[in-house]
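Subject: Structure handover

Hello,

Here is the structure for you to look through. Please open it first, then read the notes below.

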Protein chains: 2
Amino acid sequence: MIFSTLKINDSDPIYIQLERHIIGGIKKGDLKKDSKLPSTREVSKYLKISRNSVISAYENLESKGYILTKRGKGTFIAVEGEKQVYEYNVEWDNLVNKYGKVLRDKDIIKSEPKFRRGMISFKSIAPEGELFNLEDFKRALMDSWTYEEVHLLNYGYAKGYQPLIDYLFEYMREKGVSKENKDILITNGFTEGFDIILASLTSPGDVILCEEPTNNTALKVMEAYGLKVVGVSMDKDGMVIEDLKKTLQLYTPKLAYLIPSYNNPTGIVMNSERRKEIYKIFREHSVPIIENGFNEELLYSSSPLEPLAALSGRGNGVVYIGSLSKVLFPGLRIGWIMGDKKLIDILESVKRGRTIHSSFLDQSAFYYYLKSGAFTRYIKNIRKYYRSKYNLIMEMVNKHILYEYVTGEGGLYVFIKLKNNISSRELLNLCYEDGVLFMPGDLFYNNAKGESSLRLGFGRVSDDDIRIGIEIIGKNIERLMKQKGYEGELGD
Amino acid sequence: MIFSTLKINDSDPIYIQLERHIIGGIKKGDLKKDSKLPSTREVSKYLKISRNSVISAYENLESKGYILTKRGKGTFIAVEGEKQVYEYNVEWDNLVNKYGKVLRDKDIIKSEPKFRRGMISFKSIAPEGELFNLEDFKRALMDSWTYEEVHLLNYGYAKGYQPLIDYLFEYMREKGVSKENKDILITNGFTEGFDIILASLTSPGDVILCEEPTNNTALKVMEAYGLKVVGVSMDKDGMVIEDLKKTLQLYTPKLAYLIPSYNNPTGIVMNSERRKEIYKIFREHSVPIIENGFNEELLYSSSPLEPLAALSGRGNGVVYIGSLSKVLFPGLRIGWIMGDKKLIDILESVKRGRTIHSSFLDQSAFYYYLKSGAFTRYIKNIRKYYRSKYNLIMEMVNKHILYEYVTGEGGLYVFIKLKNNISSRELLNLCYEDGVLFMPGDLFYNNAKGESSLRLGFGRVSDDDIRIGIEIIGKNIERLMKQKGYEGELGD
């Protein structure tokens with residue numbers, strides 16, 4: 001019955017609704033030419049409407065030529081239903097600019113070997129969802145709904161959900177960062193924070209000074225914006241002072257981008273002295289610092305390390321990007337930028353021009369979660385959990401892998417520099433055949449330097465898989481060494 | 001008690017936790033130099049820990065110089081708590097690029113007269129939250145949590161939440177848009193969709209052809225990207241064909257940007273014939289079309305209008321940006337781009353580089369809401385509601401305002417061209433003093449053309465306020481006319 005999908009409303013005359021429905025059916029192709037319509041009596045009975053309405057509709061449709069009544073035979077569709085289309089094709093590929101091309105070409109989710117069911121993957125550094133305290137989150141979600149209701153559903157503010165902003169001010173104060181002359185903008189995670197800063201401050205050709213290696217997303221986005229990334233080498237305590245000084249003689253960077261508390265991919269934590277030293281050097285050279293507070297929350301060090309942003313006191317030379325995505329709930333897209341009040345005012349307008357604001361449902365639920373104290377309990381739990389995973393993977397790495405050095409105590413990953421310039425790409429090819437995946441180190445360099453290094457994320461890998469996976473990696477290293485004529489022993 | 005904020009954990013030795021806590025207190029300034037610490041006995045009792053742990057902590061701190069025990073007097077803080085800061089200031093203003101400056105300068109939330117409590121504001125075109133069916137949404141939120149739980153909290157996919165994508169394919173099919181060779185990307189509302197498309201396809205200096213006037217956000221973002229916006233005039237049925245043809249003789253646009261179903265600010269709905277005509281002209285000139293499906297859902301017209309995207313069939317020449325933000329739940333940031341599969345593949349990578357993905361909690365709750373059928377019921381309701389508001393405001397406008405023309409049947413706003421070149425800016429100044437706000441038309445033009453027009457959003461204004469507000473606007477128009485020596489009568 002063609003009318004089974006028609007729902008009569010109260011606002012328009014019924015005969016118009018019938019007409020519309022039939023014309024719609026013809027256009028969509030549901031009513032073919034020459035097919036028979038039900039009689040006016042049948043329709044009126046089926047839809048419980050007056051027969052006159054149906055008669056009016058049929059008359060109008062007939063006068064417009066859509067249907068035809070044949071005496072004694074019934075009413076039939078009189079026109080072709082096929083929709084007229086005017087196909088129009090564009091070669092979009094030719095229209096994509098450099099920015100779009102770089103982001104496509106450097107999208108490692110598309111270009112790197114893909115995970116298949118049953119594989120052991122050390123690629124991810126996302127947190128293990130099994131550890132999320134779901135009941136706590138559900139309660140926070142309910143609290144948020146109860147208190148805010150419709151306010152979560154209508155437009156919010158580009159700057160963010162005020163209770164969350166206030167909470168983060170306090171959170172940052174506990175890290176030693178002064179609120180004076182500062183403001184906070186909520187973003188869709190670190191990625192949007194970094195993106196907005198680069199979009200608003202840089203121009204193609206600008207030099208950005210970074211740790212080498214640094215996180216892949218940042219490298220990709222900087223390249224897409226046409227920026228020149230200049231890396232400064234690291235030792236186990238952070239950026240090498242001598243190298244930094246030399247670099248600053250050669251370049252005048254627009255900005256420095258640093259991950260002092262948990263460099264990705266190396267896991268290197270810049271110690272307190274080094275922080276001060278490099279901070280002072282940047283200050284001397286008037287290079288503003290973009291600090292990625294990445295995974296400070298997972299630090300095990302005995303004395304709390306202050307972010308670079310804390311060193312500046314009331315000063316505004318450091319812009320801090322915070323995110324808990326690698327610790328907690330990455331699916332909620334929440335991060336923040338804390339920096340100079342006037343700068344945040346500009347970035348707020350930029351945010352408004354790009355995404356209007358971040359989800360208020362996310363922000364509010366997240367706030368009630370943090371406020372409940374659940375986060376503090378959660379952090380305690382996961383530190384213990386990741387610590388024991390770390391101990392296991394290090395035991396296996398020491399047993400099976402010939403390395404020059406390993407960095408990344410604690411956290412969610414370790415970074416390994418292999419001995420004998422073994423290519424981590426060749427290693428990945430072999431391992432992939434054996435069902436094991438990891439991140440080849442070259443992804444974190446914008447030159448050829450990372451070729452014999454790899455990052456192993458272990459947060460979401462089971463203990464058994466860690467044991468099996470590392471052994472497979474170790475065996476394939478041996479294979480490669482034999483191929484290349486190297487001899488080697490663990491512990492060399 | 002300094003230890004009231006200390007929570008002992010199970011992972012680290014207790015004396016280390018005590019040490020850290022005291023050092024932290026000193027650094028933060030909570031423990032001033034020469035202030036007295038509680039005795040080891042008091043601490044052990046208070047925290048229910050062994051006294052030996054406290055003694056060890058105090059001994060270590062004393063050996064490091066942080067505290068000093070004076071025999072018979074107690075233990076005292078021995079160092080200055082003031083944190084050493086190295087203030088560092090940057091003139092961020094000088095670092096902001098053109099893009100950031102345009103978005104700051106054109107941020108109408110900051111530059112336009114601000115709403116104050118008690119005012120009557122016709123500025124907003126956001127939906128009236130009172131009409132949201134909150135119980136339906138709450139149920140959807142709960143359903144979404146029940147089915148997805150942890151999946152909403154860990155990383156999702158840049159393209160979006162698959163059930164929502166599938167739902168939107170079907171939703172677009174009902175609008176007549178073919179899914180063949182197409183794909184969908186979920187974005188943070190229309191704004192991010194438009195932003196991602198421009199960022200990926202255009203270069204400074206490119207010509208974008210638009211309706212004149214067009215929505216302020218689009219104008220602002222296009223200017224920020226350094227694009228040349230060329231407007232084509234409209235009559236009551238949409239873009240004027242002759243003007244379009246002339247413009248295409250003068251320019252070779254990179255893209256056309258159109259809001260055919262509910263132009264913002266005019267509310268003009270491009271009719272079926274006009275759609276086909278202008279579509280064919282763009283196709284002839286190989287100008288790809290970005291179609292903003294804005295508020296199609298509110299259309300009252302008797303026969304359903306197909307989006308331009310439907311005219312192309314399997315073709316890819318039209319990219320459609322959808323959003324329900326002006327109809328439903330703008331606080332959930334959800335929109336979508338539907339277009340050529342290969343183009344969406346690129347835009348997906350761009351999205352990943354900018355915000356990783358949109359909130360999965362938003363997307364999933366929204367999906368369960370749509371799926372439940374609540375949306376269909378809601379739309380029926382609000383059409384009736386806005387229709388009666390529209391009738392009221394038109395009655396008042398006809399009574400009080402001398403206009404050349406009014407456009408925007410139905411919808412959430414009307415657009416008025418005043419007689420006698422009355423300046424809507426001068427009018428706004430007078431009205432603001434009387435507590436009435438509206439959007440001056442110049443915000444929707446990138447030239448001086450809009451100076452005697454204004455947009456009145458009425459969706460969130462009470463009936464009483466509509467009556468009072470329009471009368472005030474009318475009186476101020478009369479004042480301005482007298483000042484300028486015009487005579488006029490309503491209905492001239």
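Across the interface of chain A and chain B, how many residue pairs are in polar contact? The rule finds 50 such pairs, with both residues at pLDDT 80 or more. Keep in mind that this is a predicted model.

**How the two chains are arranged**

Start with the overall layout. Two copies of a chain are related by a rotation about an axis and a shift along it. Here, a turn of 180° and a shift of 0.1 Å along the axis lay chain A on chain B, with an RMSD of 0.3 Å. The two copies are thus related as by a two-fold rotation axis. To find that axis from chain A, go to A:S359. Its C-alpha lies 3.3 Å from the axis, the closest approach of any residue of chain A.

**Where they meet**

Next, the interface. On the chain A side, 109 residues are in contact with 108 residues of chain B. Of the interface residues of chain A, 99% are also interface residues in chain B, so the copies meet through the same surface.

The size of an interface is often given as the accessible area lost when the parts come together. For chain A and chain B, the buried area is about 9600 Å². Carbon and sulfur atoms account for 60% of it. Which three residues of chain A supply more of the area that chain A buries against chain B than any other three? They are A:Y86, A:Y88 and A:W92, with 10% of that area.

Salt bridges also cross between the chains. The count is 8 between chain A and chain B. One of them joins the side chains of A:K110 and B:D345, with N and O 3.1 Å apart. Which element gives the largest share of the side of chain A that touches chain B? Helix α14 of chain A (residues 341-354) does, with 9 residues. By type, that side of chain A has 47 nonpolar, 33 charged and 29 polar residues.

**Inside the chains**

Now look beyond the interface. Over all chains, the count of salt bridges is 58. Among them is the pair A:R467 and A:D464, whose closest N and O atoms are 3.2 Å apart. Both residues sit in helix α18 of chain A (residues 463-483). They are 3 residues apart, about one turn of the helix.

Aromatic pairs come to 40 over all chains. Take A:F137 and A:F329. Their ring centres are 5.0 Å apart and their planes are at 70°, so the pair is edge-to-face. A:F137 belongs to helix α7 (residues 134-148) of chain A, while A:F329 is in the loop between β11 (318-323) and β12 (335-340) of chain A, so the pair ties together parts 192 residues apart in sequence.

**Backbone details to check**

Three spots in loops deserve a look.

- B:E212 and B:P213 are joined by a cis peptide bond, with omega about 0°. B:P213 is in the loop between β6 (207-212) and α10 (216-224) of chain B.
- The peptide bond from B:N264 to B:P265 is also cis, with omega near 25°. Find B:P265 in the loop between β9 (255-258) and α12 (272-284) of chain B.
- A:S286 is not a glycine, yet its phi is positive, at about 55°. A:S286 lies in the loop between α12 (272-284) and β10 (289-292) of chain A.

Best wishes

Note on methods:
Residues are numbered from 1 along each chain as its sequence is written. Chains are lettered from A and ligands numbered from 1 in the order in which they are written. Side-chain values use heavy atoms; hydrogens and water are left out. Copies are superposed by least squares on the C-alpha atoms of residues with pLDDT of at least 70 in both. Contact means heavy atoms within 4.5 Å. Buried area is the accessible area (1.4 Å probe) that two parts lose on being put together, summed over both. A salt bridge is a side-chain nitrogen of Lys or Arg within 4 Å of a carboxyl oxygen of Asp or Glu. A polar contact is a pair of N or O atoms within 3.5 Å; within protein, one must be able to donate a hydrogen and the other to accept it, and residues adjacent in sequence count only if both atoms are side-chain atoms. Helices (H or I, at least four residues) and strands (E, at least two) are DSSP runs, numbered from the N terminus. Ala, Val, Leu, Ile, Met, Phe, Trp, Tyr, Cys and Pro count as nonpolar, Asp, Glu, Lys and Arg as charged, and the others, Gly among them, as polar. Rings of Phe, Tyr and Trp (its six-membered ring) pair if their centres lie within 6.5 Å; planes under 30 degrees apart count as stacked, over 60 as edge-to-face and the rest as tilted.
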